[in-house]
Amino acid sequence: MDCFCDLAARLKHTCGKLLSNYYMSASALTEAVRQGKITYVYKENAYLNLWYRNGGFERLYYFIADPGDYEIIDRPSMCVCDVICRADDQPLVGSVLHDAGMREYVGYAKWICRSPVLPDIQDQADLEIVEDDDGNLFVESLYQYFDIWSDQLPERTGLETFTREKHFIGAHERHGGLLVGGLVYTEQGYGVTEEYLFVLPGYRGRGISRLLHNTLYRKYQGKDIKYTAWIRKDNQASTTLHSSYQYKKQNQLKITFLKGEAE
């Protein structure tokens, strides 16, 4: 484990802290290695393959420096893999993964902003915005309302653990307490990364996403913060929203691939 921790520390320094930006904090990553949940293969200056298993669900993280020197060790059963690569490398990376039996599920583009705009939002008198709300409410809503995504989500306990380590902003109906929207984010030094954002279908188009974001941005107003958002490439609404806050698209992609079926 000490060898892995040294490797993780070095990669965090050279790869812009990529290891601690996805689904697990550095401390959770180290603990997963200690418990034997994580295995990895590393080739210097070429790639790092990280496998995280929780019950019957397996997630792969591929950090690629040189896709021309990349190898995939075949993994049976249900697995989801996230590849972090430059946009120019996507065709070659995709070809390697398809040859290994993986199929592309969704692609995300990286967007960065240092000084978000805070547009005036009409007061939502019927809504209450709560910071660091109960992340389990977010998990409940995600599984209840997003069936198309839920098929490929981690097990429920894994998501609950994930949200417990993050910060959560919730939008509730003032009367009845229904959670109608939520934003999950992480803090890392002088950086903030959006992890999940959702608004229930019947409540979209009312500016709830802006209310959630403005709550986040006001928390850090006046500080030198870098904001990162990973946006689905086909999510035009989110792209438009973040562009209005002056986010700029970066030449880096996160591509999610799937293999197999749930056991």
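The points below concern strand β9 with its neighbours, and then residue Q252, in a predicted model.

1. Strand β9, which spans residues 191–199, is mostly covered, since 8 of its 9 residues are counted as buried; with burial set at under 20% relative accessible area, this describes a strand with little of its length left open to the probe.

2. On one side of the pairing to be checked, β9 is joined to strand β8 (residues 179–188) by 8 bridges, and the two strands run antiparallel. Within this pairing, E187 has V192 of β9 as its bridge partner. The hairpin formed by β8 and β9 has 2 residues between the strands, and in that hairpin G189 adopts a positive phi near 60°.

3. Strand β9 is also joined to strand β10 (residues 226–232), here by 4 bridges and with the strands running parallel. E194 provides a specific example of this pairing, as its bridge partner in β10 is A229. The connection from β9 to β10 passes through helix α7 (residues 208–219), and the resulting β-α-β crossover is right-handed.

4. Elsewhere, Q252 lies in strand β11, which covers residues 248–259. The C-alpha atom of Q252 is separated by 5.4 Å from that of A87, although these residues are 165 residues apart along the chain. The side chain of Q252 is, in addition, joined to the side chain of K110 by a polar contact of 3.0 Å.

Note on methods: Residues numbered from 1 in each chain as written. Predicted model: local features only at pLDDT ≥ 70, side-chain atom pairs only at ≥ 80, totals over all residues. Heavy atoms only, no water. Polar contact = N/O pair within 3.5 Å; in protein donor to acceptor, adjacent residues only side chain to side chain. Buried < 20%, exposed > 50% of the residue type's maximum accessible area, 1.4 Å probe, protein only. Pairing = 2+ DSSP bridges. Right-handed = clockwise from strand over helix to strand, strands pointing away.
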